[in-house]
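User: I would like a close look at a single part of this protein. Please give one connected account of it.

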Amino acid sequence: MPEPIDNFNLDLPAELQDMVARSLQRVKKQWSKVDRLQFNNQRRVLKALQKQRISESDFLDSSGYGYADSGREKLEQAYADIFKGEAALVRPQIVSGTHALAVTLFGLLRPGELLLCLTGPPYDTLQAVIGSRGEESGTLAEWGIRHHYVALRDDGYPDLAALEPGLQPRVAYIQRSAGYDLQRSGLTTGEIALLVEEVHARYPEAWVVVDNCYGEFAEEREPLEVGADLIAGSLIKNPGGGLARSGGYVVGRRELVRRIAGRLTAPGLYDSLGSFTEKRSLFQGLFMAPSLVGNALKNALFAAALFEQMGYQVKPRCGEPRTDIVQAIILGRAEKLLRFCQAVQSASPVESYLTLEPGPLPGYEDPVVMAAGTFFQGATSEMTADGPLREPYAVFLQGGLTLPHALWATCAAAKALYEARV
Ligand SMILES: *Cc1c(COP(=O)(O)O)cnc(C)c1O
């Protein structure tokens, strides 16, 4: 282990310094697996970009309708190639991951059809899209689109045995990452493969859609490679590589991507319109994404080892399989959640001087504390920590533009908890 990593210069108390050293020792083997993953994913991205013969002119902005934007087309081809779909839609006009998933669901589902959520209630903001909370207008529910959340077994996996054979879902929805739900774990692509097989056998008419947020490049295989029909996600998380200013993507079967494009723009226009600025940052961000994910995974492993040593329950544990970059640490008290996030904020490159306060976020039910001293607003893959202000006060740590910074911020959070002895 290189000396500067062993000795962070954080003025850690001796006992904590020992724990940091032991944690770094403990993750060595997993870190080398991450190196291999990063290497393979980097090669995959590199080959896809070379195949598109990217050149300087592909980075030029288009305006107005954005007809014949060859850079946009090449970017979408590269995404399709990397994630193993027939077609892709990668657009700055998609404002977030939630929006990518919302246009997907509105594009694919028609009144009277059923959305079957295999991984229980989906991510908070998606519940607002579906309309299962009842208040919002413009939801899928208001359009007469039905939904059913499959109960999870005690071990957190979907209870397929409880599914009635009579259900005829149009879309079977899988959320790869667990989000703020501590009852379940993220689903690895191996587990997704089994689910997809089961769903396609029971419901041959159903399209399997995967919310891929936080999962991109975290494993050797992506969901489309194991039979999913469509994936969607956010560009200010993993695939934007920390350089994308905004945007979202969908990749999958051509026919489905076309329906979604018709919803995003208009039927008849589909994917042939859409002006585009800052394509350079999306190409470069995609190129950087495997590194960002590698840093994030290494820091997540380190955090799991360190906070477990400090006596906290962590999810996933250090040696458990991972499918996303998120590390949950169960802190047990609101005060600890606040301290943790404050320490991460104070260790950030942007707005490190801010004092955090929990606040309401659109689409989330409980107030959320969020340390996000990021270059792009809400770009949680840069290295952030957040959590809803509710029992059991878990913090969700993720991201890493650079490994030294991610480790530094994680140690700062550990120190804040250690010193407060709360
Ligand atoms: C972040 C996230 C979303 C929503 O993405 P936004 O860009 O924040 O709208 C959806 N699902 C999961 C699992 C996420 O982590």
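Which helix gives the most to the lining of the second largest pocket, and with how many residues? Please describe that pocket and then place it in the setting of the two domains.

Analyst: In this predicted model, helix H3 gives the most to the lining of the second largest pocket, contributing five residues. Helix H3 spans 28-51, and helix H9 (279-309) likewise supplies at least two residues of that lining. The space in the second largest pocket comes to about 360 Å³. Its lining is made up of 15 residues, and Lys33, Val34, Leu37, Ala218 and Arg322 are those that lie nearest the centre. By class, seven residues of this lining are nonpolar, two are polar and six are charged.

The pocket is best read against the division of the chain. The protein chain is split into domain 1, which comprises 4-41 + 287-421, and domain 2, which comprises 59-277. The contact between them takes 41 residues from domain 1 and 33 residues from domain 2. At least three residues of the lining of the second largest pocket come from each of these two domains. Taken over C-alpha atoms, the centres of domain 1 and domain 2 are 27 Å apart. The area buried between the two domains is about 2800 Å², and carbon and sulfur atoms give 59% of that area. On the side of domain 1, Thr323, Tyr364 and Phe376 supply 22% of the area buried against domain 2, more than any other three residues.

Thr323 leads to a residue whose surroundings can be described individually, namely Thr188. Thr188 is in contact with Thr323, and also with Glu219 and Pro321, when neighbours within four places in sequence are left aside. Thr188 sits in the loop that runs between strand S4 (169-175) and helix H7 (189-202). Its relative accessibility is 14%, so Thr188 counts as buried, the cut-off for that class being under 20%.

Tyr364, another of the three residues named for domain 1, belongs to the lining of the largest pocket. About 770 Å³ of space lies in the largest pocket. Of the 30 residues that line the largest pocket, Tyr123, Lys237, Tyr364, Gly378 and Thr380 lie nearest its centre. Helix H5 (97-108), helix H6 (124-130) and strand S12 (394-398) are the elements that give two or more residues to this lining, and H5 gives the most, with three. The lining of the largest pocket holds 15 nonpolar, twelve polar and three charged residues. Domain 1 and domain 2 each provide at least three residues of the lining of the largest pocket.

Phe376 completes the group of three and is found in the lining of an enclosed space. A search of the whole structure finds one cavity of 30 Å³ or more, and the volume of this largest cavity is about 40 Å³. Its lining consists of Leu235, Ile236, Lys237, Gly242, Ala244, Phe376, Ala379, Ser381 and Glu382. These residues divide into five nonpolar, two polar and two charged. The largest cavity lies between domain 1 and domain 2, because both domains give residues to its lining. Lys237 takes part in this lining and is also among the residues nearest the centre of the largest pocket.

To return to the request, the second largest pocket is lined above all by helix H3, with five residues, and its lining draws at least three residues from each domain.

Note on methods. Residues are numbered from 1 along each chain as its sequence is written. This is a predicted model: local features need pLDDT of at least 70, side-chain atom pairs count only at pLDDT 80 or more; totals for chains, interfaces and linings use all residues. Side-chain values use heavy atoms; hydrogens and water are left out. On a 1 Å grid over the protein atoms alone, a cavity is a set of points where a 1.4 Å probe fits but cannot get out, and a pocket is an open set with protein on both sides within 12 Å along at least five of seven lines; lining residues have an atom within 4 Å of a point. Grid points are joined across faces, edges and corners, and a volume is the space filled by probe spheres set on the points. Ala, Val, Leu, Ile, Met, Phe, Trp, Tyr, Cys and Pro count as nonpolar, Asp, Glu, Lys and Arg as charged, and the others, Gly among them, as polar. Domain bounds come from an automatic or database domain assignment. Helices (H or I, at least four residues) and strands (E, at least two) are DSSP runs, numbered from the N terminus. Buried means under 20% relative accessible area, exposed over 50%, partly exposed in between (1.4 Å probe, protein chains only). Contact means heavy atoms within 4.5 Å. Buried area is the accessible area (1.4 Å probe) that two parts lose on being put together, summed over both.
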